[in-house]
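Colleague: Let us go through this model together. I will ask, you reason each answer out.

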Amino acid sequence: MIRVCFATPGVLPMLRKAAGTVYGGSELRAWRFARGLAGLDFDVSIAAADGGLVPTDELGPVRAPSSAAKRGWLSRLVTPLRHRHSGDGALWSAANADIYVAFGAAEYNADLADWCKANERPLLLFAGSDADFSVDYRPGNSARNVWGSRCDRCFDSVVGATAIVVQTEFQRRSALERYGRDADVVVNPIPVAELADRADAGAFLWIGKAVPNKRPDLVLEIARACPEHMFVMILNDVGNGLFEKISRDKGANVEIIRSVAPDDLGAYFARARALLCTSDFEGFPNTFLDAGRFGVPVLSLTVDPDDLVTREQGGCIADGKIDRLIDAVVDYANDPDKARLAGRRWHDYVRRRHDLDGRVAEFAAIVRRTVRSGVSVKALS
């Protein structure tokens, strides 16, 4: 049985659903792939450095191993690794995995790449966004990116990975052009059911962290231009002061929620006429998939991964023009049937291409191939 360690400390706080918990698409992807692999022939662990106890109902049932079956258990749990007051190296050592999985170009993952190299273990790095292949990531650049990681260490995390998995063809080309590294494309997975009839909904929904590159300030600009329409922002406070600024500046037609657990998002999408995206850049936003899951179209200022929203006619891309995005909001507000049809098309695409089981099977094949190859990070240097 292949042992896989997901070095993604943010997963467990997300699952605990504590008020104000900040999480993003990488945490959701890590959890879905971890559970998916655990349901196959893999021994899965998740590194969690806080040392707290993890309630079993947060982790959820997956596959029953033979040792558990002998005791009459019907399920096993993804194993959380906890080491209070110890370094990350001790945590990774405790996993004793055949392969380690991390998400995004970051200092934490550069440290993991160094550890994997020293211990001759393969590292599989998932791209977290298009920014993972930024031209700013290069040796000798000690500047920090918008998430606080040093650019040179972000570079190290990418070049130190044994294998790279990306979300889109654009990212695959970027990895090849910037780093000379080939990558496998595995689109983000999400469980999607048949589309249920939705009651008429009128609010425009925005979801993201209160960070500059997400441009939450533009939602307020759109709301001011559309005072007769309602906007709901699920705005995760990351402690940089932007949450407070947006909360102070918002108008009466903007509702702000600090944090919503993944399982509770459905109630917000049920109210949504469309999902708004104002980000400067993304990878493949999980919010786009959630929108498709609930039959909600996408209205995006700039982001359109692999031009899919445009191709599938699942919404409108404003090509970076805020006036065009405002016009799209007004159009969907005045023509709910048009919005509903775009939402159905987007749902059909997400259900067809992003189904959970198929994507987990693709990822499982990459994990097996990487482990079988016997290529460690040390061998790449």
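Colleague: Is strand β1 largely enclosed or open, and how many of the five residues are buried?

Modeller: This is a predicted model. Strand β1 covers residues 2-6. Buried means under 20% relative accessible area. The strand is largely enclosed by the rest of the structure, because the buried residues number four of the five.

Colleague: Which residue in β2 is the bridge partner of V4?

Modeller: Strand β2 spans residues 42-47. β1 and β2 pair in the parallel sense, over five bridges. Within β2, V4 has as its bridge partner V44.

Colleague: And in β4, what is the bridge partner of C5?

Modeller: Strand β4, residues 99-103, also pairs with β1. The sense is parallel, with three bridges. The β4 partner of C5 is Y100.

Colleague: Turn to the open sheet of six strands. Which are the edge strands?

Modeller: The order is β10-β9-β8-β11-β12-β13, with parallel pairing. An edge strand pairs on one side only. That applies to β10 (254-257) and β13 (315-317).

Colleague: What does the twist average from one strand to the next?

Modeller: Take the open sheet with its six strands in parallel pairing. From each strand to the next, the twist averages 20°.

Colleague: Which residue of β13 stands opposite L299?

Modeller: Strand β12 covers residues 298-300. Three bridges join β12 to β13, and the two run parallel. Opposite L299, in β13, stands C316.

Colleague: Helix α9 packs on the sheet. What angle does its direction make with that of β9?

Modeller: α9 is residues 217-225. The helix touches β8 (203-209), β9 (231-236) and β10. Its direction and that of β9 make an angle of about 170°.

Colleague: Helix α12 packs there too. What is its angle with β11?

Modeller: α12 runs over residues 286-293. Its sheet contacts are β8, β11 (272-277) and β12. Relative to the direction of β11, that of α12 lies at about 165°.

Colleague: Is α12 roughly parallel or roughly perpendicular to α15?

Modeller: The axes of α12 and α15 (residues 336-353) come within 7 Å and cross at roughly 110°. Angles of 65 to 115 degrees count as roughly perpendicular. Therefore α12 relative to α15 is roughly perpendicular.

Colleague: How do the residues of that contact divide into nonpolar, polar and charged?

Modeller: α12 contributes F288, L289, A291, G292 and R293. α15 contributes W346, H347 and V350. For the contact of α12 with α15, the division is five nonpolar, two polar and one charged.

Colleague: Last one. Is the crossing of α12 and α15 left-handed or right-handed?

Modeller: The two axes cross at roughly 110°. As α12 passes α15, the crossing is left-handed.

Note on methods
Residues are numbered from 1 along each chain as its sequence is written. This is a predicted model: local features need pLDDT of at least 70, side-chain atom pairs count only at pLDDT 80 or more; totals for chains, interfaces and linings use all residues. Side-chain values use heavy atoms; hydrogens and water are left out. Two strands pair if DSSP finds at least two bridges between them. Axes are lines fitted to C-alpha atoms, for helices over the stretch in contact, and angles run from 0 to 180 degrees between N-to-C directions. Contact means heavy atoms within 4.5 Å. Angles under 35 degrees count as roughly parallel, over 145 as roughly antiparallel, 65 to 115 as roughly perpendicular and the rest as oblique. A crossing is left-handed if the near helix is turned anticlockwise from the far one by less than a right angle, and right-handed if clockwise. Ala, Val, Leu, Ile, Met, Phe, Trp, Tyr, Cys and Pro count as nonpolar, Asp, Glu, Lys and Arg as charged, and the others, Gly among them, as polar. Buried means under 20% relative accessible area, exposed over 50%, partly exposed in between (1.4 Å probe, protein chains only).
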